[in-house]
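Trainee: I am new to this structure. Please take me through it in questions and answers.

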Amino acid sequence: MAVKFFQQKLHQAKEGEVARSYIQTREVDELTSDIFRLGYAPQEWDALTRTLLAEGVTAKELLATGLVAKSQKQDGVYDRFRGRLMFPIQDIHANYVGFTARILIDAKEAKYVNTPETLLYRKSAVLYGLDKAKGEIRQKDVAVIVEGNMDVIASHQAGIRNVVASSGTALTEEQLNLIKRFTKNIVIAFDGDGAGIQATLRGLDLARKQDFDIRIISLPE
């Protein structure tokens with residue numbers, strides 16, 4: 001329901017303009033945006049909360065999914081994601097489990113915010129895009145691992161569909177176990193900055209222990 005809500009907001013003429021403009025600057029076409037169900041969280045405190053409560057969802061359920069946070073008011077909640085481009089996260093079976101949200105206006109808040117850990121969503125156990133990439137990974141017998149959601153989206157749009165993202169974290173044992181179902185060959189293409197290099201090195205140690213055949217793409221500056 002939240003995925004639908006954010007997607008509708010993205011396509012609303014005035015409200016979603018800031019998000020559509022950002023998507024265009026990243027050269028993501030409409031088909032790719034629809035395939036990845038990109039959306040927009042309005043710059044309001046309770047736009048999603050109001051809509052889902054009216055649909056019969058309880059505040060307790062909203063809290064359990066990580067879509068809202070508790071307010072100071074008794075039993076009150078407010079939208080966790082506001083004024084952000086929304087990337088729905090799906091598990092290996094294509095179930096929606098959470099979101100990555102990118103800020104669209106200059107603010108002191110973090111550029112990217114993820115759904116907090118919930119019963120549905122554990123960051124260390126999910127690879128962004130794996131539900132769409134698994135067939136191609138099996139067919140090509142190699143998985144390309146990138147850092148961010150946009151890296152996956154751009155690659156898939158360019159026709160390179162055996163690409164998944166670790167969503168800005170070092171590779172975990174659970175993520176590698178997911179990949180192992182489809183291939184023992186991985187190519188790591190993290191950013192060339194200090195954080196990207198450190199994440200690559202941490203991922204390499206784990207992958208070596210699991211007998212993966214590993215290659216690294218060195219990206220130019």
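Trainee: Which residue in E6 is the bridge partner of Thr100?

Mentor: Helices (H or I, at least four residues) and strands (E, at least two) are DSSP runs, numbered from the N terminus. Two strands pair if DSSP finds at least two bridges between them, and the antiparallel strands E5 (residues 96-103) and E6 are joined by 3 bridges. For Thr100, the bridge partner in E6 is Asn114.

Trainee: What pLDDT do local features need in this model?

Mentor: Residues are numbered from 1 along each chain as its sequence is written, and side-chain values use heavy atoms, with hydrogens and water left out. The model is predicted: totals for chains, interfaces and linings use all residues, side-chain atom pairs count only at pLDDT 80 or more, and local features need a pLDDT of at least 70.

Trainee: What is the order of the open sheet of 4 strands?

Mentor: The sheet is open and its 4 strands pair in the antiparallel sense. Its order is E1-E4-E5-E6.

Trainee: Which strands stand at the edges, each with a single partner strand?

Mentor: An edge strand has one partner, so one of its sides is left without a neighbour in the sheet. The edge strands are E1 (39-41) and E6 (112-114).

Trainee: How many degrees does the twist average from one strand to the next, and what angle does the direction of H1 make with that of E1?

Mentor: Axes are lines fitted to C-alpha atoms, for helices over the stretch in contact, and angles run from 0 to 180 degrees between N-to-C directions. The twist averages 35 degrees from strand to strand. Helix H1 (residues 2-11) packs on the sheet and touches E1, strand E4 (84-90) and E5, where contact means heavy atoms within 4.5 Å. The angle between the directions of H1 and E1 is about 90 degrees.

Trainee: Which residues of H1 are buried?

Mentor: Buried means under 20% relative accessible area, exposed over 50%, and partly exposed in between (1.4 Å probe, protein chains only). In H1, 7 of the 10 residues are buried, so the helix is largely enclosed by the rest of the structure. The cover over the buried residues includes helix H2 (17-25), helix H3 (30-35), E1, H4, E4 and E5. The buried residues are Ala2, Val3, Phe5, Phe6, Gln7, Lys9 and Leu10.

Trainee: How far apart in sequence are the parts that Glu174 and Arg122 tie together?

Mentor: A salt bridge is a side-chain nitrogen of Lys or Arg within 4 Å of a carboxyl oxygen of Asp or Glu, and the side chains of Glu174 and Arg122 form one at 2.9 Å, N to O. Glu174 lies in helix H8 (residues 173-180) and Arg122 in the loop between E6 and helix H6 (130-140), so the pair joins distinct parts of the chain, 52 residues apart.

Trainee: Is Asp131, the salt-bridge partner of Lys132, buried or exposed?

Mentor: Lys132 and Asp131 have their closest N and O atoms 3.0 Å apart. Lys132 is partly exposed at 27% relative accessibility. Lys132 also lies over the face of Phe36, at 5.1 Å from the ring centre; a charge sits over a ring if NZ of Lys or CZ of Arg is within 6 Å of the ring centre and within 35 degrees of the ring normal. Asp131, at 15% relative accessibility, is buried.

Trainee: Which helix holds both Asp205 and Arg208?

Mentor: Asp205 forms a salt bridge with Arg208, at 3.5 Å between the closest N and O atoms. Asp205 is partly exposed at 42%, while Arg208 is exposed at 51%. The two are 3 residues apart, about one turn, in helix H9 (residues 194-209).

Trainee: What is the distance, centre to centre, between the rings of Trp45 and Tyr78?

Mentor: Rings of Phe, Tyr and Trp (its six-membered ring) pair if their centres lie within 6.5 Å; planes under 30 degrees apart count as stacked, over 60 as edge-to-face and the rest as tilted. There are 5 aromatic pairs by this rule. The planes of Trp45 and Tyr78 are 75 degrees apart, an edge-to-face pair, and the centre-to-centre distance is 5.5 Å.

Trainee: Which residue lies over the face of Trp45?

Mentor: Trp45 is exposed, at 55% relative accessibility. At 3.9 Å from its ring centre lies Arg82.

Trainee: Which residue in E10 stands opposite Ile188?

Mentor: In strand E9 (residues 185-189), 4 of the 5 residues are buried, so E9 is largely enclosed by the rest of the structure. E9 pairs in the parallel sense with strand E7 (residues 143-146) over 4 bridges, and also with strand E10 (residues 213-216) over 4 bridges. Opposite Ile188 in E10 stands Ile216.
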